[in-house]
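Have the model open and rotate it as you read. We'll go from one pair of helices to the next and stop at a few residues on the way.

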Amino acid sequence: MSAIQIVCAVAVPLLWGYQFVVIKVGVTEFPPLFFLALRFLAMALLLVPFVKAPTRQQFGPIAVISLFLGGLNFGLFYVGLGLGSGSMSAVAYQLAPPFTVLLAWPLLAERPSLVTSAGVVLAFAGVVLTAEPSRSANALPLLLVVGAAFAFAVSNVLTKRYGPFDPLMLMGWSSLLTVPQVLLMSLLLEYGQAASLVTADGRGWLALAYTIFIGGIVGFGLWFWLIARCSMDRIAPFGLLVPVFALISSVLFLGDCVTPKLVVGGLLAISGVAITQVRRSRA
C-alpha cells in the first residue's frame with residue numbers, strides 16, 4: 001500500500017469509530033431503522049442525480065451488495081447498538097475484518113499470509129481486551145452485531161469480486177436500493193416514526209448529518225476506493241482500529257474512564273494492523 005492509501009485506510013476507521021457515539025445519540029431520538037432509512041434516503045438524493053447509472057451488468061451485483069451492506073449490515077447493527085452498549089458493539093463488530101479475510105480466501109483466491117493472519121489475531125486480541133462487557137448483558141444485541149459484521153464482510157468481498165465500481169455511483173445506487181429494505185423493516189418492527197421527526201432535538205439531526213456526510217459519503221467513498229486498489233487481506237485489518245477510535249470518542253464525549261486495559265488493548269490493535277502491512281519477502 002502507498003502512503004496515501006495507508007492514510008486513507010486509517011482515516012476510515014477514525015470516522016467510523018466516532019460514528020458509534022453519533023449513532024448512539026441518533027437512535028435515542030429516532031427509531032433505529034427509521035433513522036437508518038433517513039440516512040440512506042438523504043445519501044441517495046445527494047448522489048444519484050450526479051452520478052452515472054449502473055450498467056445492466058452492474059445493476060444485479062449492486063442490488064445484492066445493497067442487501068448485505070445496507071439492509072442486513074446496517075439494519076442489524078443499528079438495532080443491536082440501540083439495544084446494547086457501545087463498547088460491546090464496537091468489539092463484536094470487529095469480527096468483520098477476520099470474516100472478510102476468511103471469505104476472500106475461497107471467493108477471491110486471496111490466501112492470507114502467516115504474517116497477515118498473525119496481525120489479525122493480535123489486533124483482534126487487542127480489541128477484545130479493550131472491552132469489559134457485563135456478564136448480565138442480553139445476548140440478542142451481541143448476536144445482531146455479529147450478524148452485521150458477517151454481512152459487512154460479504155459486502156466487501158462482493159464489491160471486490162464484481163468491481164471496480166465508481167465509489168460515488170456505488171454509494172448512491174446502493175443507498176437508493178437500501179431505502180425500501182430498511183423502511184419496510186421499520187414499518188413492520190417499529191412505531192413513532194412520524195412523531196420522531198417533530199420531537200427530535202438538534203443533537204439528533206446533527207447525528208443524522210454526521211452519518212450522511214462524514215461516516216457515509218466520505219467514509220464509504222474512501223473505503224470503496226481502497227477496495228478497488230488493494231487486496232482484502234491488506235485493507236480489511238484496518239477495520240480493527242474502529243473500536244479503538246470508538247472507545248476514545250466515548251472517553252472524550254460520553255465521559256468514559258481511561259483504563260490500563262483500554263491503553264494496552266489499543267496499542268495491541270494498532271500493532272496488529274501494522275504487522276499486516278509488513279511486506280512479504282521475495283523469493
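What follows is a walk through helix packing, the core and some single residues.

First, some housekeeping: this is a predicted model, in which local features need pLDDT of at least 70 and side-chain atom pairs count only at pLDDT 80 or more, while totals for chains, interfaces and linings use all residues. Residues are numbered from 1 along each chain as its sequence is written, and side-chain values use heavy atoms, with hydrogens and water left out. Helices here are DSSP runs of H or I with at least four residues, numbered from the N terminus.

Two packed helices are described by the angle between their axes and the distance between the axes. The axes are lines fitted to C-alpha atoms over the stretch in contact, and angles run from 0 to 180 degrees between N-to-C directions.

Let's begin with H2 (residues 32-47) and H8 (residues 167-189). The axes of H2 and H8 come within 7 Å and cross at roughly 150 degrees. H2 and H8 are therefore roughly antiparallel (over 145 degrees; under 35 is roughly parallel, 65 to 115 roughly perpendicular, and the rest oblique). The crossing of H2 and H8 is left-handed, meaning that the near helix is turned anticlockwise from the far one by less than a right angle; clockwise would be right-handed. Among the residues in contact (heavy atoms within 4.5 Å) are Phe34, Ala37 and Leu41 of H2 and Met171, Ser175 and Val179 of H8. By class, that contact has 17 nonpolar, 4 polar and no charged residues. Here Ala, Val, Leu, Ile, Met, Phe, Trp, Tyr, Cys and Pro count as nonpolar, Asp, Glu, Lys and Arg as charged, and the others, Gly among them, as polar.

H2 also packs on H10 (residues 202-229). The axes of H2 and H10 come within 10 Å and cross at roughly 55 degrees, which makes H2 oblique to H10. This crossing is right-handed. The contact includes Phe35, Arg39 and Met43 of H2, along with Gly204, Thr211 and Phe220 of H10. Its make-up is 12 nonpolar, 4 polar and 1 charged residues.

What else does H10 pack against? Helix H7 (residues 139-162) packs with H10 at an angle of about 55 degrees, with their axes 9 Å apart. That makes H7 oblique to H10, and the crossing is right-handed. Phe152, Asn156, Thr159 and Lys160 in H7 meet Phe220, Trp223, Phe224, Ile227 and Ala228 in H10.

Now for the core, a set of buried Ala, Val, Leu, Ile, Met, Phe, Trp, Tyr and Cys residues joined through side-chain atoms within 4.5 Å. Buried means under 20% relative accessible area, exposed over 50%, and partly exposed in between (1.4 Å probe, protein chains only). The largest nonpolar core has 73 residues, of which Phe77, Tyr78, Phe152, Phe220 and Phe224 touch the most other members. H2 gives the most to this core, with 10 residues. Beyond its neighbours within four places in sequence, Tyr78 is in contact with Ile23, Val27, Pro32, Phe35, Leu36, Arg39 and Thr211.

Asn73 is in helix H3 (residues 56-83). Is Asn73 buried or exposed? At 0% relative accessibility, Asn73 is buried. Leaving out residues up to four places away in sequence, Asn73 touches Phe68, Tyr93, Ala148, Ala151 and Phe152.

Finally, look at the chain's start. Met1 sits in the segment before helix H1 (3-29) and is partly exposed, at 24% relative accessible area. The C-alpha atoms of Met1 and Ser231 are 230 residues apart along the chain and separated by 9.3 Å.

Key
Helix = DSSP H or I, 4+ residues; strand = E, 2+ residues; numbered from the N terminus.
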